[in-house]
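Dear colleague,

I am handing over the structure below, and I would be glad if you could look through it alongside my notes. The notes follow directly after it.

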Amino acid sequence: MNNYFSLKGKVAVVTGSSTGLGQSMAIGLAKAGADIIGIASRSNQDETMKEIEKTGREFYQIQADLSKKTEINSIVQDSINKKGRIDILVNNAGIIRRNNAENFSDEDWDDVINVNLNSVFRLTREIGNHMIANGSGKIINIASMLTFQGGLKVPAYTASKHAIAGLTKSFSNEWASKGINVNAIAPGYMITNNTKALREDKKRYEYITSRIPQGEWGTPEDLKGSVVFLASNASRYINGHILCVDGGWMSS
Ligand code: NAP
């Protein structure tokens with residue numbers, strides 16, 4: 001059974017691994033046997049490193065701003081140089097800006113689209129080329145409930161996460177025959193920095209909680225199993241899929 005899910009000998013790049021969902025997924029992948037290259041722009045990743053080293057795996061951190069087009073090539077080259085190959089890419093880094101649609105600024109729009117969408121396209125294309133040359137790879141994009149729904153006061157975030165579904169399916173269609181599985185995870189409402197403002201709005205917090213069939217918000221821990229599944233042999237015949245990890249939100 002272990003062979004289905006083992007990532008022994010694999011190398012994973014995880015963006016946004018300093019905290020929240022990315023940190024938890026990086027630790028989950030390491031527990032399954034992968035060495036991790038983690039990318040974040042501002043925060044130090046000491047906590048992630050400590051947890052990954054406890055698993056006996058290696059952790060390399062790269063400090064880089066994914067919103068800057070010019071940094072993508074060096075991120076890719078640095079990542080490949082660390083271990084000589086990349087087997088798994090988790091496109092997790094993301095930001096959110098909240099404002100009424102009628103007041104939403106160009107700056108907020110550009111910032112969100114640059115991190116949540118443009119960097120995912122470019123990193124996937126570049127690391128995908130490396131995976132194509134190797135004849136195998138696993139790419140996991142982090143989508144959202146707002147991949148399917150409109151949300152409130154987050155038009156750029158919603159647009160970027162809808163586009164993640166399109167990117168996942170279009171890359172998957174071209175690369176499934178090249179040994180690369182491209183899939184996505186759509187987390188429901190999870191307790192991280194990203195949802196702090198939402199959880200502080202008592203009325204919305206209570207409304208959202210009451211709409212989740214499982215009756216509770218998810219935690220970063222809840223993504224570990226799904227990411228290992230999509231990064232492992234167990235998902236060999238799964239392509240272009242968006243896996244909701246949402247306590248039942250999308251079915252209610
Ligand atoms: P988070 O706690 O805010 O963490 C975001 C991570 O992304 C941090 O490691 C951050 O590191 C990194 N990051 C942000 N901008 C970056 C940049 N320009 N360059 C490099 N790294 C950057 O967020 P989260 O809640 O864990 O969310 C992770 C992903 O899941 C996002 O794509 C989010 O949209 C998605 N998601 C979250 C939820 C939820 O309920 N929390 C639900 C659905 C989907 P630095 O600050 O150091 O750069």
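Helix α9, which spans residues 224-231, is mostly covered, since 6 of its 8 residues are buried (under 20% relative accessible area, with exposed meaning over 50% and partly exposed in between, for a 1.4 Å probe and protein chains only). The buried residues of α9 are K224, S226, V227, V228, L230 and A231. Helices here are DSSP runs of H or I of at least four residues and strands are runs of E of at least two, numbered from the N terminus.

Please keep in mind that this is a predicted model, in which local features need pLDDT of at least 70 and side-chain atom pairs count only at pLDDT 80 or more, while totals for chains, interfaces and linings use all residues. Residues are numbered from 1 along each chain as its sequence is written, and side-chain values use heavy atoms, with hydrogens and water left out.

The largest nonpolar core (buried Ala, Val, Leu, Ile, Met, Phe, Trp, Tyr and Cys residues joined through side-chain atoms within 4.5 Å) has 39 residues, of which L123 and Y189 touch the most other members. Two or more residues come from each of β1 (11-15), β2 (35-40), α4 (69-83), α5 (106-134), α6 (155-175) and β6 (180-187), and α5 gives the most, with 6 residues. Leaving aside residues up to four places away in sequence, Y189 is in contact (heavy atoms within 4.5 Å) with M145, L198, I208, I212, W217, G218 and W249. A second, separate core holds 26 residues, including I27, L29, I52 and A231.

T192 lies in the loop between β6 and α7 (196-200), and T192 counts as buried because its relative accessibility is 12%. Not counting residues up to four places away in sequence, T192 touches G20, L21, R199 and P220.

As for enclosed space, a cavity is a set of points on a 1 Å grid over the protein atoms alone where a 1.4 Å probe fits but cannot get out, and its lining residues have an atom within 4 Å of a point. The count comes to 1 cavity of 30 Å³ or more, where a volume is the space filled by probe spheres set on the points, joined across faces, edges and corners. The lining of the largest cavity consists of T15, L66, N91, N92, A93, V115, S119, V120 and L123, and α5 gives the most to this lining, with 4 residues.

Best regards

Conventions
On a 1 Å grid over the protein atoms alone, a cavity is a set of points where a 1.4 Å probe fits but cannot get out, and a pocket is an open set with protein on both sides within 12 Å along at least five of seven lines; lining residues have an atom within 4 Å of a point.
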